[in-house]
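Biologist: I would like to learn how to read aromatic rings in a model. Can we go through one together?

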2 protein chains.
Amino acid sequence: MKSLHQLARRQALTGLAMPRVLSSQNIAASRTWQRAFSASTATASQLPGLDASKLTITKTTTPKEPMDSKDLVFGKYFTDHMLSMEWTATDGWHAPRIVPYQNLSLDPATCVFHYAFECFEGMKAYKDSTGGVRLFRPNKNMERLNKSSARIALPTVNGDELTKVIGELVKLDSRFIPDARGYSLYLRPTMIGTQKTLGVGPPGSALLFVIASPVGPYYPTGFKAIDLEATDYAVRAWPGGVGDKKLGANYAPCILPQLEAASRGFQQNLWLFGEEEYVTEVGTMNLFIAMKNKETGQKELITAPLDGTILEGVTRDSVLTLARERLAPEGWNISERKIRMSDVAEASEEGRLLEVFGAGTAAIVSPVRNISYKGKMVACGLKKEEEAGEIALQMKNWIEGIQYGDEKNPWSVVI
Amino acid sequence: MKSLHQLARRQALTGLAMPRVLSSQNIAASRTWQRAFSASTATASQLPGLDASKLTITKTTTPKEPMDSKDLVFGKYFTDHMLSMEWTATDGWHAPRIVPYQNLSLDPATCVFHYAFECFEGMKAYKDSTGGVRLFRPNKNMERLNKSSARIALPTVNGDELTKVIGELVKLDSRFIPDARGYSLYLRPTMIGTQKTLGVGPPGSALLFVIASPVGPYYPTGFKAIDLEATDYAVRAWPGGVGDKKLGANYAPCILPQLEAASRGFQQNLWLFGEEEYVTEVGTMNLFIAMKNKETGQKELITAPLDGTILEGVTRDSVLTLARERLAPEGWNISERKIRMSDVAEASEEGRLLEVFGAGTAAIVSPVRNISYKGKMVACGLKKEEEAGEIALQMKNWIEGIQYGDEKNPWSVVI
């Protein structure tokens, strides 16, 4: 078993982030992992970490014209430059480089092609009314990137240093950020394993790159409520799995159920979990449900708890934080708890379902009109002429106000 | 929701293999998927399929010297050439090409880097005693490749045509196949999504490539029994998930538990499932357990059933088939059934556990000495001086005999 001896050796060499104490397959265990990851990451610090002061910039000699704003398509057009950072198990993080946007040249045996050593983040840069450029809670993305990379034996990175060099990329290419409200520069930090062997083990080298794509508003002409299909025949994530990490591995398997829903006219599918059919998340968003309590009549804003089966969305966290700060004083109960799809259907039938919306970086919030469940349509509280409920609308305004710097808030970081 | 309308359109365009009737999240459902995939794949046939007769060959101008056999490391050195086949949603499969082994040049937005659109196969070519070159059950690899690709919205391919062009690659590079027993040419067909956008949807283009790596015997000096650690804190696969497909997505998340086991001196980890702690599979192998029945004393060879949570191993199927043909007449009961780890431990304590071995393409069979389970070591029936049990040894000899053409068998295909 040569290859596994190699694993053990490389582990010692690199001080790869790893759990030390792992006992039971449950939420507690999953949290233990995360703590252990953070703790043991420190041991990797004997290798050089990412150093923003070492950044080199090679400018393109063939600058592009930014696309016309009205022609933007999500993630299809990119700016002139990209960030590129190499890591090796022997030398740690090499000096970060900004280079012209260019193809990656990789050996066909590179482990990213075979074993899905890949994780990513989605974040945006916004132009404010004074022409300044802002990031939204970049520390949350950095934290999550490290949780993701550590879970698949890729290196972790100093989030502050990475944010600095991302800032340099954004500043260099800021002419690509349209300055109208709703427009932004979508940033895609991506880490891939680059070892060139087919042995299944922790990659001895990795590449972290960041590309940037100007994007328009998700709903250019105002909200448009979507219909969801509840999926009970396939499972996205499970306890003890990796569904809470932003790994490539969590995405490709989700396409077929999405297509299946689309073939019946639904914009997204809603993942249920277990015999109880707990509501977990929607396609690429977290889900929020506003309803009146059956017994007390109190208004409750509910989203699934971070039990290891849902993505730890930055927008999800922002919605929860703002709701606790601004809705709770108005009598709302803000809950991270499991809720069965049958309870949502019951609330709808009894007129207690107020509104339902998805939350994610792309749309901020995405109102839901109906959910198809067991052959019936569960109406989600919108009137026929409405495209969004009150909470969704408020959340979009609050969050956008912070993102574009209209409201002073530490979440918005000027670069 | 522009991107989802695109999904629906593209679906209609490409006739992507997709389930039509999906009802309940269980084994039956998983089988329904597979049938539906196969059935609907036919609709894709309006686009050009892979055509082996269109193969073009560009030979290297800088041929390499094959490595010395004793220096071979699994999947580290490759032959002079590779197979490359492009697919697009509009034109189907393009003409296959054999080209010099070379890097892939891909846009950093390519979907394989972000959403794990990737699946692969592992198969081997063997030199027989007359110098002929043989593949082992290539049809099984082709079937599985199509199940894997269809599950992640990548195209399917005509397996017979693909086997033909793989044969041409193997013949062209046959001087790299060492002709000693135990040596072979490991073949790695790999399919990746190559669409250059960040929108999460079915790839509009894909690349299927095949690389070849000369490999030596897994146990150069005879069997060496391994120790396993039973993993109960992390879960590899789930009913309704994709654990039965050979997707990159199933591999990266398994490294950390493997490293964890390695850090305590175990060569692999054994994945348990559920509260019942059913034995599923080992690292990158299926698992077989030979034991005497508690009540009847009858000898039973047990492996986990194909319930969607374990990989459909070609070696697993070969072991089962040979066992039914050659061991059942000797009084063995051959079972594909769930078995709890606690039952294995009990059989060990009561002296009924005869032997345990992994089964996979790399080692054929891999005998197990001990399994660490709940802090105790479960002895797996080997005497101190033994490195393999009787069944493992027989299976290796039977299968190797067929692979190298000593025994005439339709499983071995001369190319």
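Modeller: Gladly. Keep in mind that this model is predicted. Start in chain B, with a charge and a ring. The charged end of Lys64(B) lies over the ring of Tyr101(B), 5.6 Å from the ring centre. Arg137(B) also has its charged end over a ring, that of Trp411(B), at 4.0 Å from the centre.

Biologist: Now rings with rings. How many aromatic pairs does the structure hold over all chains?

Modeller: There are 22 over all chains. A pair of aromatic rings is described by two things: the distance of the centres and the angle of the planes. Take Tyr115(A) and Phe120(B). Their centres are 5.5 Å apart and their planes stand at 85 degrees, so this pair is edge-to-face.

Biologist: Where do Tyr115(A) and Phe120(B) sit?

Modeller: The pair crosses between chains. Tyr115(A) is in helix α3 of chain A, and Phe120(B) is in strand β6 of chain B. Both residues are buried.

Biologist: Which kind of pair do Phe273(A) and Trp238(B) form?

Modeller: A tilted one, with 5.6 Å from centre to centre and 40 degrees between the planes. This pair crosses between chains too. Phe273(A) belongs to strand β12 of chain A, while Trp238(B) lies in the loop between β11 and α6 of chain B.

Biologist: Is Phe273(A) buried or exposed? And why?

Modeller: Buried, because its relative accessible area is 14%, and the cut-off is under 20%. Trp238(B) is buried as well, with a relative accessible area of 15%.

Biologist: Which residues form one aromatic cluster?

Modeller: Phe113(A), Phe209(A), Phe113(B) and Phe209(B) form one.

Methods:
Residues numbered from 1 in each chain as written. Chains lettered and ligands numbered in written order. Predicted model: local features only at pLDDT ≥ 70, side-chain atom pairs only at ≥ 80, totals over all residues. Heavy atoms only, no water. Phe/Tyr/Trp six-rings, centres within 6.5 Å; stacked < 30°, edge-to-face > 60°. Helix = DSSP H or I, 4+ residues; strand = E, 2+ residues; numbered from the N terminus. Buried < 20%, exposed > 50% of the residue type's maximum accessible area, 1.4 Å probe, protein only. Lys NZ or Arg CZ within 6 Å of the ring centre and 35° of its normal.
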